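Colleague: Could you take me through one helix-helix packing in detail, and then place it against the nonpolar cores?

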Amino acid sequence: MKTIPVSAWVGILGISVCVLGALLAPWVAPYDPNVVLGAPWAERSAEFPLGLDNLGRDLLSRLIWGARMTLFVAVVATLLAFTLGVVLSLVAAVMRGLVDVGLSRLNDLLMSIPTLIFALIVLSALPQTLGVLIVVMAVLDATRVFRLGRALAMDLVAMEFVEAARLRGERTLWIVFREVLPNALTPLLAEFGLRLAFAVLFISTLSFLGLGIQPPTPDWGGMVKDNKDGIIFGVSAALVPGMAIAVLTVSINLVVDWLLKRTSSLKGGRGDG
């Protein structure tokens, strides 16, 4: 515990506040997030610590419930992206040949299309459901994971312990999950954090453009969209969810930086307590 730097503690604190708010939303949110309680953009008060939004709903309650939806979509999409990207990349590197060429070219094709444009086109054509949104985000993120995973695996499969496993007659999946994957976890762990931060920003962007989480379900990007016109009149309602997005992404990056330095330490950081 003594080796954890202050920056990492700040990141852990930021993530913990967001996660606890999301998990405990039904109990800590003072009001129903979709109930109109007063005049639009009412100022802060003892009753409404962050004021009201463009429709007169409690901004604090919507911020807490929005954390639940934003984190849920980001975490599920990132987990799905990593499962897809890591497995396919390691299989491609281990099997080589046509499998490697086919998966790599397909990945390059998807990466050649700008991410936001691809998402907007697909989400405009498909039903705007939570499942479709998560799958689209996961597929787009998996392309980046595939590139990193394949690069790592190509170095690892050339090593002696992998060749020894081949000579023993081990199956492809055994080599992937028992030989290659454990030795690629350090950079993949850092990439997971970065992909999670990107997912938070991406879902917020899609919601701001109207193709993410659909109203009246609260989420941070949608809250920015709903209250953006208030900035013209000096109302800070749009800045509150914007700050929440910034705090969460910076917190994730601070923790990822510490984990990467710790696990890749040349002085045995992998085993430090």
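**The packing of α4 on α6**

Modeller: In this predicted model, helix α4 passes helix α6 in a left-handed crossing. The axes of α4, residues 97-111, and α6, residues 130-156, come within 10 Å and cross at roughly 130°, which makes α4 oblique to α6. On the α4 side the contact is made by D100, L103, S104, N107, D108, L110 and M111, while α6 contributes V139, A142, T143, R144, F146, R147 and R150. Sorted by class, this contact of α4 with α6 holds six nonpolar, three polar and five charged residues.

Among the charged residues, D100 deserves a closer look. D100 lies in helix α4 and counts as buried because its relative accessible area is 8%, under the 20% cut-off. Once its neighbours within four places in sequence are left aside, D100 is in contact with A92 and with R150, the latter being one of the α6 residues in the helix-helix contact.

Turning to the cores, the largest nonpolar core has 39 residues, and those with the most contacts inside it are V73, L133, M137 and W220. Helix α6 is among the elements that each supply at least two residues of this core, together with α1 (6-23), α3 (59-95), α5 (115-125), α9 (185-208), α10 (220-227) and α11 (239-263). For M137, again leaving aside neighbours within four places in sequence, the contacts are V73, A77, A199, F202, I203 and L206. Apart from this core lies another, of 18 residues, which includes V86, A93, L181 and A184.

Definitions and conventions: Residues numbered from 1 in each chain as written. Predicted model: local features only at pLDDT ≥ 70, side-chain atom pairs only at ≥ 80, totals over all residues. Heavy atoms only, no water. Axes fitted to C-alpha atoms, helices over the stretch in contact; angles between N-to-C directions. Helix = DSSP H or I, 4+ residues; strand = E, 2+ residues; numbered from the N terminus. Parallel < 35°, antiparallel > 145°, perpendicular 65-115°, else oblique. Left-handed = near helix turned anticlockwise from the far one by under 90°. Contact = heavy atoms within 4.5 Å. Nonpolar A, V, L, I, M, F, W, Y, C, P; charged D, E, K, R; others polar. Buried < 20%, exposed > 50% of the residue type's maximum accessible area, 1.4 Å probe, protein only. Core = buried A, V, L, I, M, F, W, Y, C linked by side-chain atoms within 4.5 Å.
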